[in-house]
Amino acid sequence: GKYYSGEDPVTPGHEVLTRLLYLGINVHWFLTGEGPMMANDPGTRLPAGAKPVRMIPVLGQVPAGIPEVKEQDIIDYVALPDAPDNSFALVVQGESMTGSNIQHGDYVIFVPKADIKPGDVVVALNEFNAAMVKQYMLKDGQPWLISTNPAFPSFQVNGAYRVVGKVVDVVRRIKV
């Protein structure tokens, strides 16, 4: 490619590298021309200190039947090292969790049906199966979904709201 030959010395960005990983192309081969072209080739080795990357599906919505996610539920992929095998991502909409430093546009990485404890940040569905990110807490022994930005409401977990997963990571893309 133009990068390897030196014709285009600009390092490829996150989006290009993510697409290469999705296609199964060995990024080391792409950047240096060394090693096998395909990432699943038995001869592929990671550079010293590098961690393998997993492609985490980004869901447009959280389907009511998690973890029965269908291909049409996936809107993108985010590449992360050390992500749990059964994890998914959502793009945060709104500012109800800014008290937990979760901002509009962040990716939350969550594991469906994980063990939830008070204080955990969770993904929950409302009565319309719309996803929300909240902090799980107990008040007087009753489960609540708390907005960490006090300008937004909190909700008692009942038939209208149910927890479907535990947030295990937050990823923020910096736009330059």
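## Core, sheet and pocket of a predicted model

The largest nonpolar core of this predicted model has 18 residues, and those with the most contacts inside it are Ile102, Val108, Phe110, Val123, Val133 and Val167. Two or more residues of this core come from each of strand 1 (53–59), strand 2 (74–81), strand 3, strand 4, strand 5 (121–125) and strand 9 (162–171). Apart from it lies another core, of nine residues, including Val58, Leu80, Ala89 and Tyr107. A nonpolar core is a set of buried Ala, Val, Leu, Ile, Met, Phe, Trp, Tyr and Cys residues joined through side-chain atoms within 4.5 Å. Buried means under 20% relative accessible area, exposed means over 50%, and partly exposed lies in between (1.4 Å probe, protein chains only).

Residues are numbered from 1 along each chain as its sequence is written. Because the model is predicted, local features need pLDDT of at least 70 and side-chain atom pairs count only at pLDDT 80 or more, while totals for chains, interfaces and linings use all residues; side-chain values use heavy atoms, with hydrogens and water left out.

The strands belong to an open sheet of nine strands in the order 2-1-3-4-9-5-6-7-8, with mixed pairing. Its edge strands are strand 2 and strand 8 (155–156), each of which pairs on one side only. Strands (E, at least two residues) and helices (H or I, at least four) are DSSP runs numbered from the N terminus, and two strands pair if DSSP finds at least two bridges between them.

How many residues of strand 5 are buried? Five of the five are, so strand 5 is largely enclosed by the rest of the structure. On one side the buried residues are Val121, Val123 and Leu125, and on the other they are Val122 and Ala124. Strand 5 runs antiparallel to strand 6 (residues 131–139), to which five bridges join it. The hairpin of these two strands has five residues between them, and Asn129 there takes a positive phi near 60°. Strand 5 also pairs with strand 9 in the antiparallel sense, over four bridges. Some opposite residues are listed below.

| Residue in strand 5 | Opposite residue |
|---|---|
| Val121 | Gln135 in strand 6 |
| Val122 | Lys134 in strand 6 |
| Val122 | Lys166 in strand 9 |

Rings of Phe, Tyr and Trp (its six-membered ring) pair if their centres lie within 6.5 Å; planes under 30 degrees apart count as stacked, over 60 as edge-to-face and the rest as tilted. By this rule there are two aromatic pairs. In one of them, the rings of Phe88 and Phe110 have centres 6.1 Å apart and planes at 35°, so the pair is tilted. This pair links distant parts of the chain, since Phe88 lies in strand 3 (residues 88–91) and Phe110 in strand 4 (residues 107–112), 22 residues apart. Phe88 counts as buried at 10% relative accessibility, and Phe110 counts as buried at 0%.

Another ring has a charge over it: Lys139 lies over the face of Trp144, at 4.8 Å from the ring centre. Such a contact requires NZ of Lys or CZ of Arg within 6 Å of the ring centre and within 35 degrees of the ring normal.
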